[in-house]
Amino acid sequence: TLNYLTFTQPQETAVATSNEARKVLEGLGALDLSDLDAASSYADAADSEARHLLSLGRIAEAQKLEQQVYELAEKILVRRPGDLHSLSDRSWAAELLGTLAQRQHDDTAAADYANKAAQAGEDEARFNPSDLGSWSRWALGLGEVADLQFERGKVAQAIATMHSLLALEQDPRRPSSLGPVLWFR
């Protein structure tokens, strides 16, 4: 509940509320993984807090917190591979870590996280093919990969990646329409 509340608050207040949510979840066993549901919710709240921090220009804090999100999601998925919440958290974390790397002109890390975001989105869609959000995160990851390939002058690779992104529309597992996800590509 606190996590959702943060999206209605001014950014500074949202950071404090997210931090409060993380403390509650930590007390429930989130960080020692004694409660995997609390751990998934912690990762979600931490991701939100990192995004609020980024909006405030507090990049180093956002990056540290988002790295924790990614690592926590990975740990949860080792114990519970089909955890939909953690699959989503990992997708969001990889995407934001890639964005943060780009802002810091770390092309190698940005490309690595773009690939991780695409793979995380694909994993998420495989476990939950009826969720349009999963497909959206997969497409977002592929789009980041293609954009970075293009920026590095690897135009043929970028075009091939974009073709694979657009081919998602033909995937028989997809929800009824991926038009809302792919139209701008």
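**Helix α8**

I looked up the buried residues of α8 in this predicted model and found Ala-158, Thr-161, Met-162 and Leu-165. Because these residues cover an arc of only 100 degrees around the axis, I place them on the same side of α8. This fits the general rule that an α-helix has 3.6 residues a turn, so residues three or four places apart point the same way.

I then turned to the other side of α8, where Ala-156 and His-163 are exposed. I also asked what the buried residues of α8 pack against. I noted two partners, α7 (132-151) and α9 (179-182).

For the dimensions, I recorded that α8 runs over residues 155-166 and has 12 residues. From its first C-alpha to its last, α8 reaches 16 Å, close to the 16 Å expected at 1.5 Å a residue.

**Trp-183**

I went on to Trp-183, which is found in the segment after α9. Is Trp-183 buried or exposed? I entered Trp-183 as exposed because its relative accessibility is 67%, and the cut-off for exposed is over 50%.

I also checked the separation of Trp-183 from Leu-166, the residue at the end of α8 (residues 155-166). The two are 17 residues apart in sequence, and their C-alpha atoms are 9.3 Å apart in space.

**Positive phi angles**

I listed two residues with positive phi that are not glycine, starting with Leu-33, where phi is about 60 degrees. Leu-33 sits in the loop between α2 and α3. With a relative accessible area of 11%, Leu-33 is buried, since the cut-off for buried is under 20%.

My other entry is His-105, with a positive phi near 60 degrees in a residue other than glycine. I located His-105 in the loop between α5 (84-103) and α6 (107-127). His-105 is exposed, with a relative accessible area of 67%.

**Largest pocket**

Last, I looked at the largest pocket, which has a volume of about 170 Å³. Which elements give two or more residues to its lining? I wrote down α1 (2-5), α2 (11-27) and α3 (36-55).

I read through the lining residues, among them Thr-1, Leu-2, Asn-3 and Tyr-4. The lining also includes Ala-21, Val-24 and Leu-25, as well as Ser-41, Asp-44 and Ala-45. I noted His-85 in the lining too.

By class, I recorded six nonpolar, four polar and one charged residues in the lining of the largest pocket.

Methods. Residues are numbered from 1 along each chain as its sequence is written. This is a predicted model: local features need pLDDT of at least 70, side-chain atom pairs count only at pLDDT 80 or more; totals for chains, interfaces and linings use all residues. Side-chain values use heavy atoms; hydrogens and water are left out. Helices (H or I, at least four residues) and strands (E, at least two) are DSSP runs, numbered from the N terminus. The expected span of a helix is 1.5 Å times one less than its number of residues. Buried means under 20% relative accessible area, exposed over 50%, partly exposed in between (1.4 Å probe, protein chains only). The arc is that of the directions from the helix axis to the C-beta atoms. Contact means heavy atoms within 4.5 Å. On a 1 Å grid over the protein atoms alone, a cavity is a set of points where a 1.4 Å probe fits but cannot get out, and a pocket is an open set with protein on both sides within 12 Å along at least five of seven lines; lining residues have an atom within 4 Å of a point. Grid points are joined across faces, edges and corners, and a volume is the space filled by probe spheres set on the points. Ala, Val, Leu, Ile, Met, Phe, Trp, Tyr, Cys and Pro count as nonpolar, Asp, Glu, Lys and Arg as charged, and the others, Gly among them, as polar.
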